[in-house]
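Student: Could you take me closely through the sheet in this model and the elements that pack on it?

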Amino acid sequence: MAVIEKVPSVVFKTRVRDESVEGPNPYRWEDKTTEEIFGGKKVVIFSLPGAFTPTCSSNHLPRYEELYEEFKAQGVDEVICVSVNDAFVMFKWGREIGAKNVFLLPDGNAEFTRKMGMLVDKSNLGFGLRSWRYSMLVNDCKIEKIFVEPGYEDNCPADPFEVSDADTMLAHLKGTAPAGVCEPVKEFVG
């Protein structure tokens with residue numbers, strides 16, 4: 001796996017609420033560049049295989065949401081979850097999970113994930129191409145720390161979740177030893 005020092009330059013296709021849009025669905029498309037998202041900010045970003053999936057929905061996203069204020073207290077400007085899903089799926093998943101603080105960033109074309117070197121084939125699960133699970137600390141577009149789950153490979157028979165969790169990233173920011181992944185925050189049914 002190549003070492004990347006800066007987040008790749010891409011354009012994300014997002015949906016934003018806009019009260020000037022008439023009708024019952026006041027949202028419009030808005031392109032957001034890597035520079036707009038990461039430029040001049042300290043950002044924690046974590047990536048996961050998919051919205052509405054077990055570990056992602058029971059622990060990965062909910063725990064980052066739960067610890068959001070602690071990240072802010074460590075000087076983090078924003079916490080972002082990226083997934084190879086479209087903007088509509090990310091929106092609905094965020095509503096179901098109750099995400100109010102973590103920004104859900106859709107990578108529907110998998111361009112960011114591919115350029116990060118984290119795109120894997122999960123066809124063994126019927127997922128197609130998805131992101132490998134990782135987290136990173138980004139400061140003004142520069143990657144300061146990255147935690148990549150072990151066993152990176154196409155059609156991995158397992159879904160490792162050992163180092164990209166919220167507690168490990170928070171421990172890194174505090175300069176303490178990580179205590180390990182916490183128990184699931186939410187129940188997953190499906």
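Tutor: This is a predicted model, in which local features need pLDDT of at least 70 and side-chain atom pairs count only at pLDDT 80 or more, while totals for chains, interfaces and linings use all residues. Residues are numbered from 1 along each chain as its sequence is written, and side-chain values use heavy atoms, with hydrogens and water left out.

Five strands (DSSP E runs of at least two residues, numbered from the N terminus) make up an open sheet with mixed pairing, in the order β5-β4-β3-β8-β9; two strands pair if DSSP finds at least two bridges between them. At the edges lie β5 (103-106) and β9 (142-148), each of which pairs on one side only. On average, and with direction ignored, neighbouring strands are turned by 25° against each other, where axes are lines fitted to C-alpha atoms, for helices over the stretch in contact, and angles run from 0 to 180 degrees between N-to-C directions.

Within this sheet, β3 and β8 (residues 134-139) run antiparallel and are joined by six bridges, and Phe 46 stands opposite Ser 135 in β8. Helices here are DSSP H or I runs of at least four residues, and contact means heavy atoms within 4.5 Å. Of these helices, α2 packs on the sheet by touching β3, β4, β5 and β8, its direction making about 180° with that of β3. The helix α4 also packs on the sheet, touching β3, β4 and β5, and its direction makes about 155° with that of β5.
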